[in-house]
Amino acid sequence: MNDFFQLMKSELLITVIIFLLLLLKLGRGMKQDALLAMVQILLLVNCVIAFVFNKDGSLFAGMFYTSPLIGFEKAILALGVYLISLLCSEWLKKSQHLSEFFILMFTALLGMDLMVSSGNLLMFYLSLELSTIPVAALANFDLEKKISSEAAMKMILSSAFSSGILLFGISLLYGASGTISFAELPSKLTGSPLEILAFVFLFSAFAFKLSIVPFHLWTADVYEGSPIAVTSFLSVISKGAFTFIFISTLYHVFAPMEGRWYYLLLIASLATMIVGNLFALRQQNIKRFLAFSSIAQVGFILVGASAGAFAGTASVVYFILVYIFSNLAAFGVASTISEQTGKEDIRDYRGLYQTNPFLSWIMALALFSLAGIPPTAGFFGKLFLLSAGASKGNYWFIAIAALNMIISLYYYLRIIRAMFMDKNETPLKALAKNRIVNFALVICAGGIILTGLLSWIYDYIRLL
């Protein structure tokens with residue numbers, strides 16, 4: 001019984017929080033400020049608990065499995081959700097459906113935690129659906145905006161299509177191997193044409209979730225139409241969770257087929273980096289810009305994933321940690337500006353440093369990290385990804401990835417130039433300061449700096 005509570009501590013706590021929010025909603029309720037403060041405290045508790053007392057173990061005949069590495073991955077997701085709740089405080093306080101928002105977000109987080117700990121294909125599929133459907137509802141949370149409804153519709157259609165592809169791939173894999181257990185599948189796989197077809201379907205489903213080219217077409221529209229809090233969740237938490245289960249599936253379930261999926265990753269990585277960079281160059285809306293930026297970042301993640309189990313896992317998990325701080329810092333600044341001024345166009349950021357130096361420096365630091373400029377953590381994150389990918393000896397592949405980093409410098413520096421150098425006779429007004437939001441932005445900025453300076457974090461992940 002003690003093992004049950006310890007192994008499922010994150011999932012059980014999230015479930016308790018969901019039921020608590022439901023009871024509060026059905027009862028007299030609470031004031032918005034008090035409810036938000038309570039949820040933020042519970043998220044902090046969940047984050048702290050997720051980081052400690054992690055050990056190996058399995059439950060329910062192997063359907064649920066966890067380890068110190070999986071526990072660390074869940075802690076990263078919990079940290080990201082906690083930061084989102086702080087960064088989007090202003091928008092959340094004004095929401096008329098605060099309880100429903102967090103019930104949906106916690107439900108999605110529960111599904112993601114269960115998905116990362118999946119021990120067989122059935123558990124994986126059910127967890128994936130649990131994590132996807134609430135996010136589609138969240139995308140439509142700005143009920144008065146037509147663009148939000150369109151975003152939700154595109155999210156539902158793309159999710160339904162990818163889920164159908166995934167389920168068909170699972171059925172083919174079960175038919176070819178006779179088992180759905182992740183532990184038993186590697187010994188059953190022989191590389192037959194049916195198994196290769198099953199892998200192609202599974203990879204396509206993952207490509208939808210991770211916005212890998214050419215399955216990325218829904219991303220920018222959904223990011224633009226959703227509230228920034230939901231866009232942040234999609235960009236960081238959802239992408240991080242699917243990345244964790246994706247590399248786990250590659251390295252454990254499909255390890256015998258590495259010779260086949262390696263070249264598929266190379267092609268997908270190059271296409272994703274190039275398309276993401278080229279489309280990011282021409283974006284004017286900040287959310288669409290960050291959407292294509294995130295697509296390009298996935299291309300770099302695939303570079304590290306191509307390395308194999310040991311080096312690939314450490315480099316990808318470290319990069320996701322860095323990516324959470326960097327991307328949430330950028331979304332936090334965008335959220336503050338959007339909430340107080342309604343501006344989401346990059347051209348409106350011209351001269352921002354004149355009136356809002358703090359926000360300008362945070363955004364600059366986040367963009368430097370996303371671009372991979374030293375000494376930010378983003379530089380070390382991409383360095384570890386490229387080093388891991390180079391272990392296979394395909395230096396032409398690494399050279400093209402490095403060239404894409406140079407291309408990305410242009411569109412990241414374009415925003416920094418607009419904030420610090422471009423003249424604007426009517427810059428955005430000096431925005432009202434929110435202590436909670438500023439505190440969260442400082443945490444993100446500190447994370448960008450410290451995760452780069454403290455190189456032992458990467459070594460710690462390698463030891464998990």
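User: How many helices and strands does the chain have?

Analyst: The chain has 21 helices and 2 strands. Both are DSSP runs numbered from the N terminus: helices are H or I with at least four residues, strands are E with at least two. The radius of gyration is 21 Å, close to the 23 Å from the globule rule for 464 residues, so the chain is as compact as a globular protein of that length. That radius is taken over C-alpha atoms, and the rule is 2.2 Å times the number of residues to the power 0.38. This is a predicted model: local features need pLDDT of at least 70, side-chain atom pairs count only at pLDDT 80 or more, and totals for chains, interfaces and linings use all residues. Residues are numbered from 1 along each chain as its sequence is written, and side-chain values use heavy atoms, with hydrogens and water left out.

User: What fraction of the residues in the chain is buried?

Analyst: Buried means under 20% relative accessible area, exposed means over 50%, and partly exposed is in between (1.4 Å probe, protein chains only). Here, buried residues make up 60% of the 464 residues.

User: How should I read the contacts by their separation along the chain?

Analyst: A contact means heavy atoms within 4.5 Å. Of the contacts with a separation of 6 or more, 80% are between residues 24 or more positions apart.

User: What span should helix 10 have, and what does the model give?

Analyst: The expected span of a helix is 1.5 Å times one less than its number of residues. For the 18 residues of helix 10 that gives 26 Å, and the end C-alpha atoms are 25 Å apart, which agrees. Helix 17 (residues 357-371) has 15 residues and reaches 21 Å from its first C-alpha to its last, close to the expected 21 Å.

User: Which helices do the buried residues of helix 10 pack against?

Analyst: They pack against helix 7 (121-139), helix 8 (146-177), helix 9 (185-188), helix 12 (228-253), helix 13 (258-280) and helix 14 (286-305). The buried residues of helix 10 include Phe 199, Phe 203, Phe 206 and Phe 208, and also Glu 195 and Lys 209. Val 200 lies in helix 10 (residues 193-210), and at 39% relative accessibility Val 200 counts as partly exposed. The C-alpha atoms of Val 200 and Leu 264 are 9.4 Å apart, with these positions 64 residues apart along the chain.

User: How many residues of helix 17 are buried?

Analyst: In helix 17, 11 of the 15 residues are buried, so the helix is largely enclosed by the rest of the structure. Among them are Leu 359, Ile 362, Met 363 and Leu 370. Just after helix 17, Gly 372 takes a positive phi of about 85°.

User: What is the general idea for phi and for peptide bonds?

Analyst: Most residues other than glycine have a negative phi, and most peptide bonds are trans. Ser 211 is not a glycine, yet has a positive phi of about 60°. Ser 211 follows helix 10 and, at 0% relative accessibility, counts as buried. Phe 60, also not a glycine, has a positive phi of about 55°. Phe 60 lies in the loop between strand 1 (57-59) and strand 2 (64-66) and, at 48% relative accessibility, counts as partly exposed.

User: Where are the cis peptide bonds from Val 213 and from Pro 374?

Analyst: The bond from Val 213 to Pro 214 is cis, with omega near 10°, and Pro 214 lies in the loop between helix 10 and helix 11 (219-225). The bond from Pro 374 to Pro 375 is cis, with omega near 5°. Pro 375 is in the loop between helix 17 and helix 18 (377-390).
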